[in-house]
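Subject: Structure for you to look at

Dear colleague,

I am passing on the structure we spoke about, with the sequence alongside, and I would be glad if you would look it over before reading my notes.

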Amino acid sequence: MSDRAELEVFDSVSAAADPAVQVELLNMAWADGDSAGIAHALAVIAKARGMSTTAADAGLTRPALYKALSERGNPSLSSLLGIMNALGVKAHFQISN
């Protein structure tokens, strides 16, 4: 018997199958204000839901979706809105005083 503790590898895509995790992931990324973090959160959710389905629903090819949500991606606003719509992500804004 080994003295080493065995740790399970965390699989963010499997965890993101839960809608509550998806919401928290997006809220944390938005609060950080980092566009790469937001793209990563959307990519994890898209992978959890299926990249091919998400791409088709967003009006993008699968490679274009991967590129847009990659670490170096910079999706256009129309692509971003299409991806959000395909994932059922809604944003709410308010003006602070």
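Below is what was found in it, starting with the chain as a whole and ending with single residues.

Please keep in mind throughout that this is a predicted model. The average pLDDT of the chain is 89, and 95% of the residues score at least 70. Confidence is not even along the chain, since helix α1 (residues 12-15) has the lowest mean, at 79, whereas α4 has the highest, at 97.

As to the overall fold, the secondary structure consists of six helices and zero strands, which gives the pattern α-α-α-α-α-α when read along the sequence. The C-alpha trace spans about 55 × 40 × 25 Å along its principal axes. Among contacts with a separation of 6 or more, 45% are made by residues that lie 24 or more positions apart.

Turning to the surface, the chain exposes about 7300 Å², and carbon and sulfur atoms supply 54% of that area. Of the 97 residues, 27% count as buried. There are 7 positive and 10 negative side chains, and the centres of these two sets are 12 Å apart.

The largest nonpolar core holds 20 residues, and the members that touch the most others are L26, L42, L65, L69, I83, L87 and V89. Two or more residues each are given to this core by α2 (19-32), α3 (35-49), α4 (51-58), α5 (62-68) and α6 (77-87), and the largest share, seven residues, comes from α3. If you would like one residue from which to explore the core, L69 is a convenient choice: once its neighbours within four places in sequence are left aside, L69 is in contact with A39, L42, A43, A46 and I83.

Helix α6 can be described in a little more detail. Its buried residues are S79, G82, I83, M84, A86 and L87, and these pack against α3, α4 and α5. An α-helix has 3.6 residues a turn, so residues three or four places apart point the same way. After α6 comes G88, which has a positive phi, near 75 degrees.

Three further residues may be worth finding in the viewer, and I take them one at a time.

Which residues does Q22 touch, not counting those up to four places away in sequence? Q22 lies in helix α2 and touches A16, A17, I45 and R49. Q22 counts as buried because its relative accessibility is 7%, which falls under the 20% cut-off.

V44 lies in helix α3, and with a relative accessible area of 5%, under the same 20% cut-off, V44 is therefore buried as well. Apart from neighbours within four places in sequence, V44 is in contact with S12, V13, A16 and L25. By contrast with these contacts, V44 and D32 are 17 Å apart in space, C-alpha to C-alpha, with their positions 12 residues apart in sequence.

S14, finally, belongs to helix α1, the helix with the lowest mean confidence in the chain. Its relative accessible area is 48%, so S14 is partly exposed, this value being neither under 20% nor over 50%. S14 and G73 are 59 residues apart in sequence, and their C-alpha atoms are 23 Å apart in space.

With best wishes

Terms used: Residues numbered from 1 in each chain as written. Predicted model: local features only at pLDDT ≥ 70, side-chain atom pairs only at ≥ 80, totals over all residues. Heavy atoms only, no water. Core = buried A, V, L, I, M, F, W, Y, C linked by side-chain atoms within 4.5 Å. Buried < 20%, exposed > 50% of the residue type's maximum accessible area, 1.4 Å probe, protein only. Helix = DSSP H or I, 4+ residues; strand = E, 2+ residues; numbered from the N terminus. Contact = heavy atoms within 4.5 Å. Areas by Shrake-Rupley, 256 points an atom, 1.4 Å probe, with all protein chains shown as cover. Lys, Arg positive; Asp, Glu negative; His and termini not counted. Charge placed at Lys NZ, Arg CZ, Asp CG, Glu CD. pLDDT = per-residue confidence, 0-100.
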